[in-house]
Amino acid sequence: MKKHGLGSYRKREVAGHRLSPETLMMGYGYDPHLSEGALKVPVFQTSTFVFRTAQDGKDFFAAMAGRRDGSNEPPPGLIYSRFNNPDLEVLEDRLALWEDGEAALVFSSGMAAISTALWAVVRPGEVIVHSEPLYGGTQTLLQNFLPQFRVGAVGFPAGARPEEIDRVVAAARAQGRIAAIFVETPANPTNSLVDLAHCAAVARRIEAEDGYRPPVMVDNTFLGPLWQHPLALGCDLAIYSLTKYVGGHSDLVAGSVVGARGLIDRIRKVRSSLGTITEPYTGWLLMRSLETLKLRMTAAMNNARTVAEFLRRHRKVAAVHYLGFLQPDHADYALYRRQCEAPGSTFSFEVVGGEAAAFRALDALQVVKLAVSLGGTESLASHPASTTHSGLTPDTLERIGITPGMIRLSVGIENADDLIADLGQALAVG
Ligand SMILES: *Cc1c(COP(=O)(O)O)cnc(C)c1O
């Protein structure tokens with residue numbers, strides 16, 4: 001229990017009834033009476049914190065450095081906002097609830113979360129096994145930066161069957177100790193899936209054979225934290241770009257990781273050293289966003305289904321890569337049913353007529369905005385082949401299935417009929 005007070009108000013049940021995350025978002029982890037009775041967590045816009053006594057200062061620093069008992073646990077009081085801050089502590093407690101995780105950490109971006117988590121576990125000579133395609137920033141980190149520190153990366157395609165993953169893991173083990181298994185599912189923008197339970201089984205097998213468990217890190221930005229729960233499937237970390245659905249209003253950049261306390265404490269030490277934490281006001285905005293997370297993600301999911309149905313019937317649309325349309329004969333169908341709780345609201349579709357037709361349709365949109373990013377209240381459209389995925393070779397684009405006519409849509413919470421009217425008139429232009 002935290003001694004500095006904001007740790008009270010942590011009840012998770014009422015009369016034996018377990019409370020849901022969406023209920024707990026309104027108050028969990030915050031005691032108004034420690035802040036003049038303020039109903040909401042104030043913005044603690046401060047860089048540093050006052051110690052009651054010199055002994056407290058000594059104890060907090062000893063705890064932070066692990067001098068007290070050799071542990072990586074956080075100190076019992078706040079020191080300095082690069083280490084933590086009340087807004088961010090409450091936010092972290094609330095983020096952990098969606099995954100039923102032991103602890104969470106917030107970061108200045110999704111990439112800060114991903115890179116800090118990786119720095120905490122990799123050593124020179126080791127190899128990261130990962131799914132492909134990955135978010136562009138992650139791909140760059142694995143391919144351009146980590147090799148400078150003799151950390152290798154070996155990929156397997158999203159959609160790979162368990163035997164194929166096993167073959168890639170065996171090849172990676174021949175190169176060096178596996179530092180981590182890093183996966184992103186559904187893959188962007190094709191919505192191919194990676195079998196999370198199988199990745200967790202691989203980690204357990206390596207642990208049984210080598211006495212070391214490579215953490216399974218899941219970039220859960222696309223379906224989480226509502227529709228996919230990696231920790232419940234045996235994975236070690238759920239990683240987020242909070243910039244997307246969790247922030248949800250396209251007005252901030254942040255990231256987080258959720259997992260077991262031991263691993264989180266290791267990552268926290270690296271965060272304190274690198275300074276990749278976010279700042280109090282962004283934390284405050286994220287707490288506000290979390291109060292409507294379930295409402296927003298549910299509304300967007302329902303809109304996406306309506307829009308996807310419309311596109312599927314449109315004569316200028318060749319294909320719609322929407323998880324809700326997977327049929328029992330598709331290789332990903334059974335996995336989707338096991339692993340995902342809903343199809344989410346980001347998907348891609350292919351316009352007949354290639355890049356020229358896709359560009360004409362994109363340029364004609366009036367309600368849907370032309371921008372990268374996803375998960376906001378407003379609908380966004382983008383052209384992966386020429387923007388987010390333009391760094392990939394033509395061969396890779398083709399292998400992954402990113403075609404010149406492909407448009408990615410992040411469906412927002414507008415009126416679905418308005419979105420259909422807009423997409424209909426834009427496709428008519430093309
Ligand atoms: C946006 C995104 C990231 C990077 O997050 P930032 O907040 O932009 O740093 C990582 N992974 C996925 C899947 C993303 O969509």
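In this predicted model, Ser373 is found in the loop that runs between strand S12 (369–370) and strand S13 (380–382). Although Ser373 is not a glycine, its phi is positive, at about 85°. With a relative accessibility of 26%, Ser373 counts as partly exposed. A comparable backbone feature appears at Arg150, which is likewise not a glycine and has a positive phi of about 55°. Arg150 sits in the loop between H5 and S5, and its relative accessible area of 58% makes this residue exposed.

The loop that holds Arg150 also contributes to the nonpolar surface. Phe149 belongs to the stretch between helix H5 (136–145) and strand S5 (152–157), and is partly exposed, with a relative accessible area of 42%. Together with Trp119 and Leu274, Phe149 makes a nonpolar surface patch of about 290 Å².

Two cis peptide bonds deserve a look in another loop. One joins Thr185 to Pro186, with omega near -5°; the other joins Asn188 and Pro189, where omega is about 5°. Pro186 is placed in the loop between strand S6 (178–184) and helix H7 (196–210), and Pro189 also lies in the loop between S6 and H7.

Attention turns next to the ligand. The shell around the ligand has 14 residues, of which Gly110, Met111, Asp219, Thr243 and Lys244 come nearest. By character, the shell divides into 6 nonpolar, 5 polar and 3 charged residues. Helix H4 (residues 110–121) gives the most to this shell, with 3 residues. Backbone contacts are made by two of the nearest residues: a polar backbone atom of Gly110 is 2.8 Å from an oxygen atom of the ligand, and a backbone N or O atom of Met111 is also 2.8 Å from a ligand oxygen. Lys244 takes part through its side chain, with a polar atom 2.7 Å from an oxygen atom of the ligand. On its own the ligand has 390 Å² of accessible area, and the protein covers 92% of this.

Helix H3 offers a view of the interior. Since 14 of the 14 residues of helix H3 (residues 86–99) are buried, this helix is largely enclosed by the rest of the structure. At the start of H3, a side-chain oxygen of Asn85 reaches to within 2.9 Å of the backbone nitrogen of Asp87. At the other end, H3 is followed by Asp100, which has a positive phi near 55°. Asp100 is also linked with Arg12 and Arg18 in a network of salt bridges.

Side chains of opposite charge can pair when their charged atoms come close. The structure holds 15 salt bridges in total. One of them joins the side chains of Asp166 and Arg205, with an N to O distance of 3.8 Å. Asp166 lies in helix H6 (residues 162–175) and Arg205 in helix H7, so this pair ties together parts that are 39 residues apart in sequence. Both partners have some accessibility: Asp166 is partly exposed at 24% relative accessibility, and Arg205 is partly exposed at 32%.

A salt bridge also forms between the side chains of Arg338 and Asp195, with N to O at 3.3 Å. Because Arg338 lies in helix H11 (residues 333–339) and Asp195 in the loop between S6 and H7, the pair ties together parts that are 143 residues apart in sequence. The two partners differ in their surroundings: Arg338 is exposed, with a relative accessible area of 54%, whereas Asp195 is buried, at 10%.

A local pairing is found between Asp265 and Arg268, whose closest N and O atoms are 2.4 Å apart in a salt bridge. Both residues lie in helix H8 (residues 261–274), where they are 3 residues apart, about one turn of the helix. Asp265 and Arg268 are both buried.

Finally, helix H10 (residues 293–313) is the place of Glu309, which counts as partly exposed at 28% relative accessibility. Glu309 and Arg296 are separated by 13 residues in sequence and by 20 Å in space, C-alpha to C-alpha.

Notes
Residues are numbered from 1 along each chain as its sequence is written. This is a predicted model: local features need pLDDT of at least 70, side-chain atom pairs count only at pLDDT 80 or more; totals for chains, interfaces and linings use all residues. Side-chain values use heavy atoms; hydrogens and water are left out. Patches are made of residues with over 30% relative accessible area and no salt bridge: like charges are joined within 9 Å, nonpolar side chains (Val, Leu, Ile, Met, Phe, Trp, Tyr) within 5 Å. Accessible areas come from the Shrake-Rupley method with a 1.4 Å probe; for residues, only the protein chains shown count as cover. A salt bridge is a side-chain nitrogen of Lys or Arg within 4 Å of a carboxyl oxygen of Asp or Glu. Helices (H or I, at least four residues) and strands (E, at least two) are DSSP runs, numbered from the N terminus. Buried means under 20% relative accessible area, exposed over 50%, partly exposed in between (1.4 Å probe, protein chains only). A residue is near a molecule or strand if one of its heavy atoms lies within 4 Å of it. A polar contact is a pair of N or O atoms within 3.5 Å; within protein, one must be able to donate a hydrogen and the other to accept it, and residues adjacent in sequence count only if both atoms are side-chain atoms. Ala, Val, Leu, Ile, Met, Phe, Trp, Tyr, Cys and Pro count as nonpolar, Asp, Glu, Lys and Arg as charged, and the others, Gly among them, as polar.
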